[in-house]
Amino acid sequence: MGIRDTSYYGWQNKYSINPEGIINSASFMGIVLDSTGSIYVLGAKVENTGSISRHNTFVIKSIDKGLRWKEILTITGTAGGVFSNVQCGMNINSNDAIFVSTAMYGSFQMRSSSDYGQSWGTKDL
């Protein structure tokens, strides 16, 4: 799974969620833009490391209209469970503060960044 460009020259892979080959399943859950034109994409993935499956919520960012992407946030969930039980959301306000929330197996977490994803604050609810 990844983000692709369908230009005149054909499909081009712009971002791969699974470069190490350890992702079992993944979904993109939301997309927002800030006032500078940066693109933020929210997703959820299941990583298999040995006999353990770990469910994570992540945010990737592009500052060049989707040509290059960087993972700027990973919220690591618990091992096990069912992937469909992961719920997450993302929003950005008029001051470009980014808010990410995730609910996995009875725990709810919120992250926020007021510096375009450079650093994140945590609040467990």
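**Surface, strands and a pocket in a predicted model**

Phe 99, Phe 108 and Met 110 make up a nonpolar surface patch in this predicted model, and their accessible area together is about 220 Å².

Colleague: Is Met 110 buried, partly exposed or exposed?

Modeller: Met 110 belongs to strand β9, residues 107-113. Its relative accessibility is 31%. Buried means under 20% and exposed means over 50%, so Met 110 counts as partly exposed.

Colleague: Which residues of strand β7 point to the buried face?

Modeller: Strand β7 covers residues 87-92, and its side chains alternate between two faces. Gln 87, Gly 89 and Asn 91 point to one face and are not buried. The buried residues, on the other face, are Cys 88, Met 90 and Ile 92.

Colleague: Which residue in β8 stands opposite Cys 88?

Modeller: Strands β7 and β8 run antiparallel, with 6 bridges joining them. Strand β8 covers residues 98-104. Within this strand, the residue opposite Cys 88 is Thr 102.

Colleague: Which residue in the hairpin of β7 and β8 takes a positive phi?

Modeller: The hairpin has 5 residues between its strands. A positive phi near 65 degrees occurs in this hairpin, and the residue that takes it is Asp 96.

Colleague: Which strands each supply at least two residues of the lining of the largest pocket?

Modeller: The largest pocket holds about 200 Å³ of space. Its lining includes Lys 61, Ser 62, Lys 70 and Ile 72. One strand spans 52-62 and another spans 70-79, and each supplies at least two lining residues. These strands are β5 and β6.

Key
Residues are numbered from 1 along each chain as its sequence is written. This is a predicted model: local features need pLDDT of at least 70, side-chain atom pairs count only at pLDDT 80 or more; totals for chains, interfaces and linings use all residues. Side-chain values use heavy atoms; hydrogens and water are left out. Patches are made of residues with over 30% relative accessible area and no salt bridge: like charges are joined within 9 Å, nonpolar side chains (Val, Leu, Ile, Met, Phe, Trp, Tyr) within 5 Å. Accessible areas come from the Shrake-Rupley method with a 1.4 Å probe; for residues, only the protein chains shown count as cover. A salt bridge is a side-chain nitrogen of Lys or Arg within 4 Å of a carboxyl oxygen of Asp or Glu. Helices (H or I, at least four residues) and strands (E, at least two) are DSSP runs, numbered from the N terminus. Buried means under 20% relative accessible area, exposed over 50%, partly exposed in between (1.4 Å probe, protein chains only). Two strands pair if DSSP finds at least two bridges between them. On a 1 Å grid over the protein atoms alone, a cavity is a set of points where a 1.4 Å probe fits but cannot get out, and a pocket is an open set with protein on both sides within 12 Å along at least five of seven lines; lining residues have an atom within 4 Å of a point. Grid points are joined across faces, edges and corners, and a volume is the space filled by probe spheres set on the points.
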